[in-house]
Amino acid sequence: QVQLVESGGGLVQAGGSLRLSCAASGSIHSTNVMGWYRQAPGKQRELVAGITSGGSANYGDSVKGRFTISRDNAKNTVYLQMNSLKPEDTAIYYCNLKSLKFGGYNDYWGQGTQVTVSS
């Protein structure tokens, strides 16, 4: 069983910064992708950023240049540094882990952490 535990959400003023963390535990393949998605009220869940176990990262268009994803493979932990936050970044942020299996990936989700950016 795989568990994802998120931390670091909260309330911040526009222009401020927050850092999210997500620690994974359990049976995790060494080839995996960890990332962050977000869902705002009335909107679909969208990719924020993802990073492979090899260190390749990709970002959603709306956060490029403001957010940075990183990971510590020894700790199975992924981080999301969010700078220059905007009110439209307000959402529940979910940690995601895709762990390699035969024929594809197992998909795991954290419980979500609220990020609120006030104007």
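Buried means under 20% relative accessible area, exposed means over 50%, and partly exposed lies in between, with a 1.4 Å probe and protein chains only. Keep this at hand for the exercises below.

This is a predicted model, in which local features need pLDDT of at least 70, side-chain atom pairs count only at pLDDT 80 or more, and totals for chains, interfaces and linings use all residues. Residues are numbered from 1 along each chain as its sequence is written, and side-chain values use heavy atoms, with hydrogens and water left out.

**Exercise 1. Describe the overall fold and dimensions.**

Step 1: Start with secondary structure, where helices (H or I, at least four residues) and strands (E, at least two) are DSSP runs numbered from the N terminus. The protein has 11 strands and 0 helices, and its pattern along the sequence reads β-β-β-β-β-β-β-β-β-β-β.

Step 2: Check the radius of gyration, taken over C-alpha atoms, against the globule rule (2.2 Å times the number of residues to the power 0.38). The radius is 14 Å, close to the 14 Å that the rule gives for 119 residues, so the protein is as compact as a globular protein of that length.

Step 3: Along the principal axes, the C-alpha atoms fill a box of roughly 45 × 25 × 20 Å.

**Exercise 2. Work out how the residues are packed and how the surface is made up.**

Step 1: Of the 119 residues, 39% count as buried.

Step 2: Now take contacts, meaning heavy atoms within 4.5 Å. Among those between residues at least 6 apart in sequence, 54% join residues at least 24 apart.

Step 3: The accessible surface (Shrake-Rupley method, 1.4 Å probe) comes to about 6,300 Å², and 48% of this belongs to carbon and sulfur atoms.

**Exercise 3. Compare three residues of the loop between S8 and S9.**

Step 1: Place the loop. Strand S8 covers 77-82 and strand S9 covers 91-101, with Asp89 in the loop between them. Ser84 is in this loop, and Glu88 is there too.

Step 2: Is Asp89 buried or exposed? Asp89 is buried, because its relative accessibility is 0%. Ser84 is partly exposed at 41%, while Glu88 counts as exposed at 56%.

Step 3: Look for partners. The side chains of Asp89 and Arg38 are joined by a polar contact of 2.9 Å; such a contact is a pair of N or O atoms within 3.5 Å, where within protein one must be able to donate a hydrogen and the other to accept it, and residues adjacent in sequence count only if both atoms are side-chain atoms. Beyond four places in sequence, Asp89 also has Arg66, Phe67, Ser84, Val115 and Val117 among its contacts.

Step 4: For Glu88, the C-alpha atom is 8.6 Å from that of Ala40, 48 residues away along the chain.

**Exercise 4. Find two residues with a positive phi.**

Step 1: Recall the background: most residues other than glycine have a negative phi.

Step 2: Ser84 has a positive phi of about 50°. For Asn76, phi is near 50°; this residue lies in the loop between strand S7 (67-72) and S8 and is partly exposed at 24%.

**Exercise 5. Characterise the surroundings of Cys95.**

Step 1: Cys95 belongs to strand S9 and is buried, with a relative accessible area of 0%.

Step 2: Which residues does Cys95 touch, not counting residues up to four places away in sequence? They are Leu4, Glu6, Cys22, Gly35, Trp36, Val78, Tyr108, Trp109 and Gly110.
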